[in-house]
Amino acid sequence: MSNKKYILSKEAAEKKLRRMALEVTERNYDEQELVLIGIKDKGLIIAQKIAAYLKETFKGKIEVIELSLNKKHPEAITINPIIDFNDKAILLIDDVANSGKTMLYALKPLLLQYPKKIQTLALVQRTHKNFPIEVDYVGLSLSTTLNEHIYVEVINNEVSGAWME
């Protein structure tokens, strides 16, 4: 028997992704270009979904790139493709914002250049943080105990829901 307590269905996740894309467009209407950086693996899938929804409303150029790091020990951080972040509007994307650690370390290579602005997006956010990261766009915010874990489920490159155990 599964201990999965679903907190988002596939349909609810899609609605939240679409709403967040609209918010991104509203807050970045004057930008010529948006660089979406998806934290591998699930953050990248969410970045691709957000980019697809943004194409419906955002008039500028949209670029999706991948950021890889070990979430437990984030020493080596790789970005693919490597681009110039100077004077760019950047949206850093992950599936779940737990402690804030992953997003904080993911900022490191971005700060070696001079982006115009950096915003953050997570499908699900836990309300207690250990690191000073504020998520700008949140699909669902939850109060959880430290022992509870949140998982975003992806099947065939589609967000199929989120659950907690």
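1. Start with Ile-65, which lies in strand S3. The model is predicted. Ile-65 has a relative accessible area of 0%, and buried means under 20%, so Ile-65 counts as buried. Its contacts, leaving aside residues up to four places away in sequence, are Val-35, Leu-36, Ile-37, Gly-38, Leu-44, Ile-79, Asn-80, Pro-81, Ile-83 and Phe-85. One of these partners, Ile-83, is 18 residues from Ile-65 along the chain. The C-alpha atoms of that pair are 8.8 Å apart.

2. Now the sheet around S3. It is open, has 6 strands and shows mixed pairing. The strand order is S4-S3-S2-S5-S6-S7. S4 (77–80) and S7 (137–142) each have a single partner strand, so each is an edge strand with one side lacking a neighbour in the sheet. On average, neighbouring strands are turned by 25 degrees against each other, direction ignored.

3. S3 pairs with S2 and with S4. S2 (residues 33–39) and S3 (residues 61–69) run parallel and are joined by 7 bridges. In this pairing Val-35 stands opposite Glu-63, and Leu-34 stands opposite Ile-62. The chain goes from S2 through H2 to S3, a right-handed β-α-β crossover. Between S3 and S4 there are 4 bridges, and these strands run antiparallel. Here Leu-67 has Ile-79 of S4 as its bridge partner.

4. Two helices pack on the sheet. What does each one touch? Helix H1 (residues 10–27) touches S2, S5 (89–97), S6 (117–126) and S7. The direction of H1 makes about 135 degrees with that of S7. Helix H2 (residues 42–57) touches S2, S3, S5 and S6. The direction of H2 makes about 155 degrees with that of S2.

5. H2 merits a check on length. The helix has 16 residues, and at 1.5 Å a residue it should span 22 Å. The C-alpha atoms at its ends are 23 Å apart, which agrees. Its buried residues are Gly-43, Leu-44, Ile-45, Ile-46, Ala-47, Lys-49, Ile-50, Ala-51, Tyr-53 and Leu-54. Lys-49 is on that list and deserves a look. An α-helix has 3.6 residues a turn, so residues three or four places apart point the same way. Leu-44, for its part, is also a contact of Ile-65.

6. Please inspect the backbone at two peptide bonds. Most peptide bonds are trans. Which are the cis cases here? One joins Lys-40 and Asp-41, with omega about 5 degrees. Asp-41 lies in the loop between S2 and H2. Another joins Asn-80 and Pro-81, with omega about -5 degrees. Pro-81 lies in the loop between S4 and S5. Asn-80 and Pro-81 are both among the contacts of Ile-65.

7. Two phi values also call for a look. Most residues other than glycine have a negative phi. Asp-87 has a positive phi, near 60 degrees. Asp-87 sits in the loop between S4 and S5. Is Asp-87 buried or exposed? Exposed means over 50%, and Asp-87 is at 60% relative accessibility, so it counts as exposed.

8. The second case is Asn-157, whose phi is positive and near 60 degrees. Asn-157 lies in the loop between S8 (150–155) and S9 (158–164). With a relative accessible area of 54%, Asn-157 is exposed as well.

Definitions and conventions. Residues numbered from 1 in each chain as written. Predicted model: local features only at pLDDT ≥ 70, side-chain atom pairs only at ≥ 80, totals over all residues. Heavy atoms only, no water. Pairing = 2+ DSSP bridges. Axes fitted to C-alpha atoms, helices over the stretch in contact; angles between N-to-C directions. Contact = heavy atoms within 4.5 Å. Right-handed = clockwise from strand over helix to strand, strands pointing away. Expected span 1.5 Å × (residues − 1). Buried < 20%, exposed > 50% of the residue type's maximum accessible area, 1.4 Å probe, protein only.
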